[in-house]
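Here is a short report on what lies inside a protein model and what lies on its surface. Look at the picture first, then read on.

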Amino acid sequence: MFQSIERRPPDPILGLSAAYKSDTNPKKVDLGVGVYKDEAGNTPVMTAVKKAEQLLWMTEDSKSYIAQAGPELFIKHTAELVLGAGHAALKDKRVATVLAPGGSGSLRVAAEFVAKNFPGTRIHVSDPTWNNHIPLLGSAGLQLELYPYYDYASHSIKFDQMMDKLKGAGKGDLVLLHGCCHNPCGADLNREMWKAVADAALAQGFTPFVDLAYQGLGDGLAEDAYGLRLLADTLPEVIVASSFSKNFGLYRERTGAVMVIAGTSAAAEAANSQLLVTAREIYSVPPAHGAYLVAMILDDAALRTEWDAELTEMRNRINGLRAMLVSRLKERGIDRDFSFIANEKGMFSFLGLTPAQVKTLVEKYSIYLVGSSRINVAGVNNANIDYLVDCIIAVL
Ligand code: LMR
C-alpha cells in the first residue's frame, strides 16, 4: 500500500529549525521559524506563565475532558482581549468564541465551518501571505484567490491595487486580513486603510476573516487590534482566528481561539454549535493546558500586569532590533535603503534578497531564513548582528 507514496520536502518554514540544529558552524544564525528569542537566543517560558503553571499544578484535580468550547474564563477573557471589554458585539451576545489548537487550529476550524455551511466559498488572501495559509485554508475546501498586497521594490503596501482587486469580492466571499504584524512582510494597514477596507466590506458585503496571531507584538495589545475592532464596530459579521502562541509564548501548547461575530445572538449561538461539531469531527476536544494558563493570567490582576510587562519588553526588543539592524547596515555605507525594516512591525520583514542570495546566506554562511528572504527579526542579537550584516553585505 505505501510503496507508491511520494516523499515530500520538509516544510519551507519548520524545516529550517532542523537544518539549523544540525549545522555545526559556530557562527550559525537562526532567523527562520517565527518564535520570539531573547538576547541569548532562547525562547523562554514567560514568568507569568511559569507562575500560572505552578498554580495550575497545585490546583488541577482532573485530566478529564474539558468543555468542548474551552473553559468559560478563557472564552470570556479571549473575547475581551481581542475585541476590548465592553464591545457592543459582546454585550449583544453576538460572538461565538471557541478554544482551538493554536492559531492554525483556529484558522482551520473557521475554514471548515465556512466550507461546510457555504460550499464553494472564495477566500481572498494577500500576496504574499503566510506559506501555510494556502494549504491550510485550501484543503479545508475554500477557494483561494490572491489580492496584491506588498510591493517588493518600494517595500510598501500596494493599497490601490489591493482595493481594486477586492472590488471583485462580494456577499458570500471571505477576505483574509492579517490583524497586525503581517506575516511574512511586516507591513501593516494603517488606520485609513482599515477604514477603507471596512467601508468596502460594508458596501460590497464580503466578510473579513482576521488572522490575529501577533497581538501585542507590534504596537501594543489594543493598538494591534485596532483594525479588527473597527471591522467589528462597522460590520455585522467578522471571523477571527486568534493565537496565544506568540504573545504568551505558548507555542507547543497549541492555544488559540476561533471567533465568529454574527449579526444576531441567535446566529452566534447557531455558529457556536457548528464550530463545536466541526471541531468534534477533526480533533474532538481541545487541549486544556494553555487555555487554563491564559485564563488564569488574564483573570488575575498581578499575573496580568506581569505578563503585560513581559510582552512589552518583547515588543520593545523587537522594535529596537529593527532600528539597530537598519543603522548597522547604514553605517556600513551600503548602497541600499533598509529603513523600511524599522517601519515594519512584528517578527518578520523581507530582506529583499534574491533566492540565490538567500541560498548563499544559508549554505555558505549558515544564516537561516525563509527562501523569500523573510527574517525573524527576534533572532538577531548583539552577538550575531555584526556577522549578519557582514554576510548581507557579502551577498549583495
Ligand atoms: C512562522 O511563520 O514562522 C510561524 O507562524 C511558525 C509556523 O508555523 O510557520
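A nonpolar core is a set of buried Ala, Val, Leu, Ile, Met, Phe, Trp, Tyr and Cys residues joined through side-chain atoms within 4.5 Å. Buried means under 20% relative accessible area, exposed means over 50%, and partly exposed lies in between (1.4 Å probe, protein chains only). This is a predicted model: local features need pLDDT of at least 70, side-chain atom pairs count only at pLDDT 80 or more, and totals for chains, interfaces and linings use all residues. Residues are numbered from 1 along each chain as its sequence is written, and side-chain values use heavy atoms, leaving out hydrogens and water.

**The core**

The largest nonpolar core has 137 residues. Leu137, Met162, Leu189, Phe209, Trp307 and Ile367 have the most contacts inside it. Helix H12 (residues 301-331) gives the largest share of this core, ten residues. Helices (H or I, at least four residues) and strands (E, at least two) are DSSP runs, numbered from the N terminus. The core also draws at least three residues from each of domain 1 (10-43 + 316-395) and domain 2 (65-299). Those domain bounds come from an automatic or database domain assignment.

Take Phe209. Not counting residues up to four places away in sequence, Phe209 touches ten named residues' worth of neighbours, including Leu107, Ile123, Leu137 and Ala241. Contact means heavy atoms within 4.5 Å.**A covered helix**

How many residues of helix H11 (residues 289-299) are buried? Eight of its eleven are, so to speak, under cover by the definition of buried. Among them are Gly290, Leu293, Met296 and Leu298. What covers the buried residues of H11 includes helix H2 (47-59), helix H3 (72-83), strand E2 (95-100) and H12.

**Three residues compared**

| Residue | Location | Relative accessible area |
|---|---|---|
| Phe2 | segment before helix H1 (15-22) | 60%, exposed |
| Gln215 | loop between strand E8 (207-212) and helix H9 (226-234) | 2%, buried |
| His124 | strand E3 (residues 122-127) | 1%, buried |

Leaving aside neighbours within four places in sequence, Gln215 is in contact with residues including Leu81, Cys180, Arg229 and Leu311. The C-alpha atoms of Gln215 and Cys180 are separated by 6.7 Å. Along the chain, these two are 35 residues apart. With the sequence neighbours within four places left aside, His124 is in contact with Glu145, Tyr147 and Asp173, among others.
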